[in-house]
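Reader: Could you take me through one small part of this protein up close? I'm in my first year, so please keep it relaxed and connect that part to the rest as you go.

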Amino acid sequence: MEWNKEVKEAIGPQNYDLLLEEVRKGVLTLQQMKDIAMKMHPHVHGTFVQHERVEDRSFLMRILLDKWFLTVLYKQEIDGAQQLVEILDDKDIGLHVLVLKMKQISKKVPQENVSQ
């Protein structure tokens, strides 16, 4: 996608990879992707509506993440990783296990960097 590098920087490369892996595995339903898009920004939801028939859901998620970057995440003061976690952990989305995985990964990353 066009803003792939910037999206990874905004939400964290581990979160990016984990989110797309969960999409590829079918953990996220199409309804959850729609709900995530609505919570990201109204324009992200509009992008979802335009592309919801795309068969490759990981491609669809990358489209949504691009739009989220262009509407919200580009702002320096935005903590994209924290916003992503809050959206996924929302009771309407219910991806609490995915959030737990993201939090576990974020705790490990600084320790790995220190030992290198």
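Author: Let's start with S58, which sits in helix α5, the stretch covering residues 57-73. Keep in mind that this is a predicted model. Is S58 buried or exposed? Its relative accessible area is just 5%, and the cut-off for buried is under 20%, so S58 counts as buried. What does S58 touch, once you leave aside its neighbours within four places in sequence? The answer is L20, V23 and R24. Those contacts lead us to another helix, since α2 runs over residues 13-25.

Now hop over to T47, which belongs to helix α4. T47 has a relative accessibility of 8%, so this residue is buried as well. Skip the neighbours within four places in sequence, and T47 is in contact with I63, L64 and K67. Remember that α5 covers residues 57-73, and you can place those three partners on the helix we began with.

There's a handy bit of background for looking at helices. An α-helix makes a turn every 3.6 residues, so residues three or four places apart point the same way.

Helix α3, residues 30-40, is a good place to look next. Its buried residues are Q32, M33, D35, I36, A37 and M40. Which helices do they pack against? They meet α2, α4, α5 and α6, with α4 spanning 42-51. That brings back α5, the home of S58, and α4, the home of T47.

For a contrast, try K8 in helix α1, which is made of residues 4-11. K8 has 27% relative accessibility, so it counts as partly exposed. Not counting residues up to four places away in sequence, K8 touches P13, Y16 and D17. There is a link back to α5 here too: K8 and L65 are 57 residues apart along the chain, yet their C-alpha atoms are separated by 9.4 Å.

What about empty space? Rolling a probe the size of a water molecule over the atoms shows where some is left. In this model, the largest pocket holds about 160 Å³ of space. Its lining is made up of 13 residues, and N15, A81, V85, M102 and S106 are the ones nearest the centre. Helices α2 (13-25), α6 (80-89) and α7 (96-115) each bring at least two residues to that lining. Helix α7 gives the most, with 5 residues. Sorted by class, the lining has 7 nonpolar, 5 polar and 1 charged residues.

Time to step back and see the whole thing. The protein has 7 helices and 0 strands, so to speak a straight run of α-α-α-α-α-α-α along the sequence. Of its 116 residues, 40% count as buried, and S58 is one of the buried residues. Among contacts with a separation of 6 or more, 62% are between residues 24 or more positions apart.

How does the overall size work out? The C-alpha trace spans about 45 × 30 × 25 Å along its principal axes. A compact globule of 116 residues would have a radius of gyration near 13 Å, and the protein has 14 Å, so the two agree. As for the outside, the accessible surface comes to about 7000 Å², and 50% of that belongs to carbon and sulfur atoms.

Conventions: Residues are numbered from 1 along each chain as its sequence is written. This is a predicted model: local features need pLDDT of at least 70, side-chain atom pairs count only at pLDDT 80 or more; totals for chains, interfaces and linings use all residues. Side-chain values use heavy atoms; hydrogens and water are left out. On a 1 Å grid over the protein atoms alone, a cavity is a set of points where a 1.4 Å probe fits but cannot get out, and a pocket is an open set with protein on both sides within 12 Å along at least five of seven lines; lining residues have an atom within 4 Å of a point. Grid points are joined across faces, edges and corners, and a volume is the space filled by probe spheres set on the points. Helices (H or I, at least four residues) and strands (E, at least two) are DSSP runs, numbered from the N terminus. Ala, Val, Leu, Ile, Met, Phe, Trp, Tyr, Cys and Pro count as nonpolar, Asp, Glu, Lys and Arg as charged, and the others, Gly among them, as polar. The radius of gyration is taken over C-alpha atoms; the globule rule is 2.2 Å times the number of residues to the power 0.38. Buried means under 20% relative accessible area, exposed over 50%, partly exposed in between (1.4 Å probe, protein chains only). Contact means heavy atoms within 4.5 Å. Accessible areas come from the Shrake-Rupley method with a 1.4 Å probe; for residues, only the protein chains shown count as cover.
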